[in-house]
Amino acid sequence: MAEGKYLFNGKDITMNMCIQIRDVIDIIQNETGMNFPDATVAFYHSKTYKVLQNTENALWAESAGYIADRYFDEQKAESCV
């Protein structure tokens with residue numbers, strides 16, 4: 001069995017996940033003006049990040065822009081509540 005933290009169909013996709021997470025955080029920084037630590041904490045505490053952790057749904061295979069859009073949609077929905 002693969003030793004990675006993130007697996008998809010038995011294959012280690014940890015590097016793919018790390019790249020996606022970094023790219024999404026970069027987008028959050030660019031769109032909001034947050035610094036890296038704040039953008040990281042905001043993303044890690046989001047529902048979008050929790051969904052991303054479930055590798056079987058293959059959200060990790062989408063573009064970072066798509067994942068960031070889901071994050072921003074989530075933030076808008078929460079601010080309307």
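**Ser-46**

I looked up Ser-46 in this predicted model and found it buried, with a relative accessible area of 1%. I placed Ser-46 in the loop between α2 and α3. I then asked which residues Ser-46 touches beyond four places in sequence. I listed Tyr-71, Glu-74 and Gln-75. I also checked the side chain of Ser-46 for polar partners, and one of its polar atoms lies 3.0 Å from the backbone nitrogen of Tyr-49.

**Helix α4**

Tyr-71 and Glu-74 led me to α4, where both are among the buried residues. I noted α4 as residues 64-80, 17 residues in length. From first C-alpha to last I read a reach of 24 Å, close to the 24 Å expected at 1.5 Å a residue.

Which residues of α4 are buried? I wrote down Ala-64, Ile-67, Ala-68, Tyr-71, Phe-72 and Glu-74. These residues cover an arc of only 155° around the axis, so they sit on the same side of α4. I looked next at the face turned away from that buried side, and there I found the exposed residues Lys-76 and Cys-80. What do the buried residues of α4 pack against? I recorded α1 (14-32), α2 (36-44) and α3 (47-53).

**Nonpolar core**

I went through the largest nonpolar core, which has 18 residues. The members that touch the most others are Ile-21, Val-24, Ile-28, Phe-43 and Leu-52. I noted that α1, α2, α3 and α4 each give two or more residues to this core. For background I added that nonpolar side chains tend to be buried together in soluble globular proteins.

I picked Val-24 for a closer look. Leaving aside neighbours within four places in sequence, I found Val-24 in contact with Phe-43, Ala-64, Ile-67 and Ala-68. Of these partners, I had already entered Ala-64, Ile-67 and Ala-68 as buried residues of α4.

**Salt bridge**

How many salt bridges does the count give? I got one. I traced the pair to the side chains of Asp-23 and Arg-22, 2.8 Å from N to O. My side note is that side chains of opposite charge can pair when their charged atoms come close.

Are the two partners buried or exposed? I entered Asp-23 as partly exposed because its relative accessibility is 24%, while buried would require under 20%. Arg-22 is at 45%, so I entered Arg-22 as partly exposed too, since exposed would require over 50%.

How values were computed. Residues numbered from 1 in each chain as written. Predicted model: local features only at pLDDT ≥ 70, side-chain atom pairs only at ≥ 80, totals over all residues. Heavy atoms only, no water. Helix = DSSP H or I, 4+ residues; strand = E, 2+ residues; numbered from the N terminus. Expected span 1.5 Å × (residues − 1). Buried < 20%, exposed > 50% of the residue type's maximum accessible area, 1.4 Å probe, protein only. Arc of directions from axis to C-beta. Contact = heavy atoms within 4.5 Å. Core = buried A, V, L, I, M, F, W, Y, C linked by side-chain atoms within 4.5 Å. Salt bridge = Lys/Arg side-chain N within 4 Å of Asp/Glu carboxyl O. Polar contact = N/O pair within 3.5 Å; in protein donor to acceptor, adjacent residues only side chain to side chain.
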